[in-house]
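Student: I would like to take a close look at a single part of this model, with the charged side chains as the starting point. Please work outward from there in one connected answer.

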Amino acid sequence: MKSPFAIFRKHQKVLTVVLTGMAMFAFIIMGQMDPNSTSLPMILGIVLGGAAFWLFGSTRGSNPLSLVVTGAVVGGALGIILPRFIGPAAAVETSIGRISEQELSEMIAKRRLANKFLSDAYSRSVPPPDIEQWNDLPEQFRNMLIQNAYGQWQARLSMAQFRFDYSADQSEEATRQDVVTGYLFRHEADQMGIAAGDEAVNEYIIQLTEGNLSRDDFHDIRKQLNLSETELYDILRDEIKAKKAAEILAPRVATTPEEYWDFYQKLNVTAQAETVAIPVDSFVDSIEEPSTQDLVAFFEKYKTRFPAATESGEAQIIDPEPEFGQPRKVSVAYVEADYVTIEDEIAKNTPDEQWDQLTRDYYDEHPNEFLDSFSSSSSSLDFDLGDFSTESDDDTDAGGPALEFGVDPTESGEQDAADESEPTEGEESGGPSLGSANESDIDPDEECGDEGPALGGLTEPQGSAADASESQSADEQQDEFDPTAGLTIEVEDPSNDGPPPPALPSLASDPAGSTPTLRSYDEVKDEIRDQLLREMTQAEMQKRISTALTQMRDLGYRRTLEEDDPQHLSDQQVAAELQTWAQNNGLRYVETGLLSYLDLGNSDEHPIGRATEPSAQLGSNAPTVAERLFRSSSNTIYMSDQAVDRFLTSNQFAYWATEYKDRHVPTLDEPGVKEQVVEAWKIAQARSKAEERAKAIAALIDSTEAGQDSATEEEEEADGTEATEDAETEEPPETSREILDGQTVTGQEGSLPLTPLTTSQFSWLSRNTPSAPGLNPFEPPPGPPVRMSEVSSVENAGPDFMETVFQQLKVGETGVAPNADHSIYYAIKLLQRTPADDGATDGLQNLQNGFLTSDVPFGREFQALAGDERQQIFFDWRRNFLDGYAVRFAETQPAPN
């Protein structure tokens with residue numbers, strides 16, 4: 001057999017041409033191809049196969065053309081088949097290419113680098129607000145302004161309009177789906193011929209930073225990201241190109257007047273109904289066990305559906321359909337400092353003598369905290385009933401001393417006496433009084449004296465002689481300071497239609513000459529003790545938790561050591577060590593096991609889920625431990641942190657995540673899954689029975705009342721008369737309670753009796769008004785401005801219930817609707833709807849007039865509703881966009897529902 005080198009030397013001219021052509025093909029043609037494309041292995045196979053067969057055939061004198069064609073076909077087939085068996089497993093498959101887990105991770109890293117650059121560039125080019133300008137304001141208002149200004153500045157750091165994201169959800173799973181969407185948008189951009197050059201990147205940065213980013217800052221940010229300028233521009237170029245394609249392809253949605261009218265009706269049309277509840281749980285026990293065939297079919301139908309709450313904590317619409325997809329879960333271990341236990345421990349171990357010394361020292365060191373600002377020595381507010389007169393004196397012309405603008409309230413008592421002895425025109429001696437205003441008594445053109453304009457036109461009737469005497473006595477107490485001195489309040493005499501208003505109580509105080517009373521030590525002793533006990537308890541809790549964090553860091557470090565290291569600890573040993581340490585230090589050690597976001601965040605057994613970081617203020621929107629854990633990467637385990645439950649227990653925690661389990665499509669034999677499927681199957685069967693029972697109840701109410709109406713009409717026809725006043729003496733028609741007397745929920749004996757309940761007036765939607773004003777008056781109330789209305793006697797009313805009441809039924813008709821999660825079916829009789837649908841009143845016209853005369857499109861609640869509609873349209877479009885590319889995630893990372 002000849003040596004390959006001999007063959008090469010014999011055909012070196014031809015082979016040189018072939019290799020040169022292949023090199024040109026590789027650098028020029030293949031260099032422009034997408035390396036993630038499924039066509040790349042096929043093309044390589046065609047080229048290499050054709051070349052190999054040509055070389056093999058040329059040594060044997062065969063037809064080179066036929067061999068090249070054969071080799072190309074074989075190579076192309078191998079290029080299609082082999083990658084599916086020897087290549088890395090695809091994390092995502094699309095109609096234009098497969099994305100491996102490594103490639104997906106690289107895309108995620110690039111996306112995060114791009115967004116990190118945007119955030120850093122903005123923070124450097126747009127400085128935080130200058131708070132020095134508010135130094136002279138009162139502290140309360142200054143803090144509000146600072147909080148508002150910093151809140152707006154920090155909100156812009158997220159740069160929602162500039163970030164390269166297509167979803168507000170920043171969870172790990174949502175990010176994976178988001179970068180795949182960007183990958184497809186880049187493909188669309190290539191198809192449309194969209195290109196983003198350096199100029200486009202520069203313009204994007206200038207627009208983001210308002211042209212304030214310096215070259216030095218740019219280089220600093222780039223170095224911190226460990227990127228060359230070329231690498232950074234390449235990343236930004238790809239993301240800008242994809243975003244431009246998304247802007248072109250995304251639907252343009254404008255809310256129509258008809259949609260605003262629908263929003264307006266849902267907020268303003270009210271209804272009242274009578275409901276009869278049929279709980280689904282009442283029928284579950286009567287459902288037999290499913291067969292294996294039914295169970296498997298039911299599981300296969302819903303195994304890829306996942307819970308509707310995202311991992312970032314955003315609550316979604318309740319979905320009554322089964323969801324067997326296992327959500328992302330986390331196992332948390334924590335040590336808990338119990339407030340009540342430690343408080344009792346401190347109270348018990350502190351002697352009474354020590355408490356006496358502590359409270360006495362605190363009282364002596366902080367006297368200003370115990371001043372009684374409302375003591376009788378600092379204020380002469382007197383609310384004795386004798387000061388309120390209900391009688392008038394016809395012989396007295398009501399008036400009083402004038403209080404004029406510009407009068408110095410610190411003037412001497414001699415001036416006060418002069419004012420009292422020389423009443424102005426139209427007034428006589430007496431205290432200031434209040435009555436109705438007479439505009440005709442006021443001359444707007446009258447010139448004001450040096451003392452300022454007087455408030456004229458207001459008078460008050462005089463009280464009885466006894467009241468006048470008491471008023472005079474009060475006036476004598478105002479020699480040094482009278483806040484009403486110099487103010488003329490003239491009122492016209494009250495009308496004779498009713499009694500005059502009562503005289504105001506006297507008010508006198510001297511802040512310059514009086515001091516608040518210091519409350520006695522005995523009076524505040526217990527109050528001081530409670531305060532000190534609270535502070536000592538919180539300090540002791542913080543001390544123990546800080547020590548626990550140190551212990552956990554040491555245990556976490558020992559866990560990372562090599563297994564042959566004597567100091568190494570396994571996961572089980574770390575848990576045992578921490579549990580022993582917690583018991584020895586008066587703390588409680590807890591392991592939650594694997595819990596989903598909803599289970600951890602709503603758990604009463606594990607309050608750690610709702611706790612927040614210690615620096616968070618009560619009432620703020622600080623993320624809870626559940627939110628923080630589910631926003632973290634799955635490799636962030638055994639990293640200790642602390643939190644406080646500020647809402648219920650005041651307990652403090654030191655915690656870490658010990659295990660993450662990514663969400664995945666389960667198998668039926670996975671622990672706990674079969675039980676979940678059986679339970680859901682029984683509930684689905686019970687829902688059908690509950691709905692049938694609710695329909696039967698509604699039909700019973702409807703037929704009974706229809707029969708009563710028919711009987712009344714027949715009697716009137718037989719008598720040849722219409723209903724008269726004698727009908728009032730007849731027996732009234734049966735009520736729903738009487739109709740359903742003896743009926744039960746399931747229709748079987750022993751079941752709960754049916755109880756019709758009447759709702760109060762309710763609308764479809766309600767404005768979400770906070771129960772208390774916010775801390776910052778410059779910010780809108782937290783939370784969505786509109787919510788689904790709560791309906792009395794209806795548990796968790798949802799869209800189905802509201803649609804039945806407001807759109808399907810007429811007044812007097814009956815129907816059936818489930819609540820939001822389909823756990824209860826209701827037989828409904830519509831009693832009233834305002835405005836009525838029959839047009840007999842002007843209610844509908846008034847409603848339309850109110851809609852036309854109000855600024856509906858600019859209202860916060862209507863903007864929120866319109867935004868929800870647009871967001872839903874975008875989500876639907878995005879889902880259809882992904883479906884168009886046949887996007888299929890690996891089973892552990894399924895496509896969004």
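Student: Which residues are linked in a network of salt bridges?

Tutor: In this predicted model, the network of salt bridges links Arg 111, Asp 165, Asp 178, Glu 239 and Arg 878. One pair within this set can be followed in detail, since the side chains of Arg 111 and Asp 165 meet in a salt bridge with an N to O distance of 3.5 Å. That pair links distant parts of the chain, for Arg 111 belongs to helix 5 (residues 101-125) while Asp 165 sits in the loop between helix 6 (139-157) and helix 7, and the two are 54 residues apart. The partners also differ in how they are covered: Arg 111 has a relative accessible area of 2% and is therefore buried, whereas Asp 165, at 21%, is partly exposed.

Helix 7, which follows the loop of Asp 165, spans residues 172-192 and holds another acidic residue, Glu 188. Glu 188 is buried but has no salt bridge, and the nearest side chain of opposite charge, that of Lys 241, is 12 Å away. A salt bridge needs a nitrogen and a carboxyl oxygen within 4 Å, so a separation of that kind leaves the pair outside the rule. What Glu 188 does have is a polar contact of 2.4 Å between its side chain and that of Tyr 885. Beyond its neighbours up to four places away in sequence, Glu 188 touches Ala 245, Leu 249, Phe 881 and Tyr 885, and Tyr 885 is thus both a polar partner and a member of this contact set.

One of those contacts, Phe 881, has a number that falls within the range of helix 26 (residues 860-884), where Arg 879 and Asp 876 both lie, 3 residues apart, about one turn of the helix. Arg 879 and Asp 876 form a salt bridge of their own, with their closest N and O atoms 3.0 Å apart. Arg 879 is partly exposed, at 33% relative accessibility, and Asp 876 is also partly exposed, at 27%.

For context, the count for the model comes to 33 salt bridges. Another of them joins Glu 336 to Arg 588, with the closest N and O atoms 2.4 Å apart. Here, too, distant parts of the chain are linked, because Glu 336 lies in strand 4 (residues 329-337) and Arg 588 in strand 7 (residues 588-596), 252 residues apart. Glu 336 counts as buried, with a relative accessibility of 4%, while Arg 588 is partly exposed, with a relative accessible area of 43%.

Empty space can be considered alongside these contacts. A search of the whole structure finds 2 cavities of 30 Å³ or more, and the largest cavity has a volume of about 40 Å³. Its lining includes two charged residues, Glu 274 and Lys 829, together with others, among them Val 276, Ile 701 and Thr 814. Strand 3 (270-279), helix 22 (673-719), strand 14 (814-818) and strand 15 (824-834) are the elements that each give two or more residues to this lining, and strand 15 supplies the largest share, 3 residues. Just beyond that strand, the peptide bond from Thr 834 to Pro 835 is cis, with omega near 0°, and Pro 835 lies in the loop between strand 15 and helix 25 (843-853).

Methods. Residues are numbered from 1 along each chain as its sequence is written. This is a predicted model: local features need pLDDT of at least 70, side-chain atom pairs count only at pLDDT 80 or more; totals for chains, interfaces and linings use all residues. Side-chain values use heavy atoms; hydrogens and water are left out. Helices (H or I, at least four residues) and strands (E, at least two) are DSSP runs, numbered from the N terminus. Buried means under 20% relative accessible area, exposed over 50%, partly exposed in between (1.4 Å probe, protein chains only). A polar contact is a pair of N or O atoms within 3.5 Å; within protein, one must be able to donate a hydrogen and the other to accept it, and residues adjacent in sequence count only if both atoms are side-chain atoms. Contact means heavy atoms within 4.5 Å. On a 1 Å grid over the protein atoms alone, a cavity is a set of points where a 1.4 Å probe fits but cannot get out, and a pocket is an open set with protein on both sides within 12 Å along at least five of seven lines; lining residues have an atom within 4 Å of a point. Grid points are joined across faces, edges and corners, and a volume is the space filled by probe spheres set on the points.
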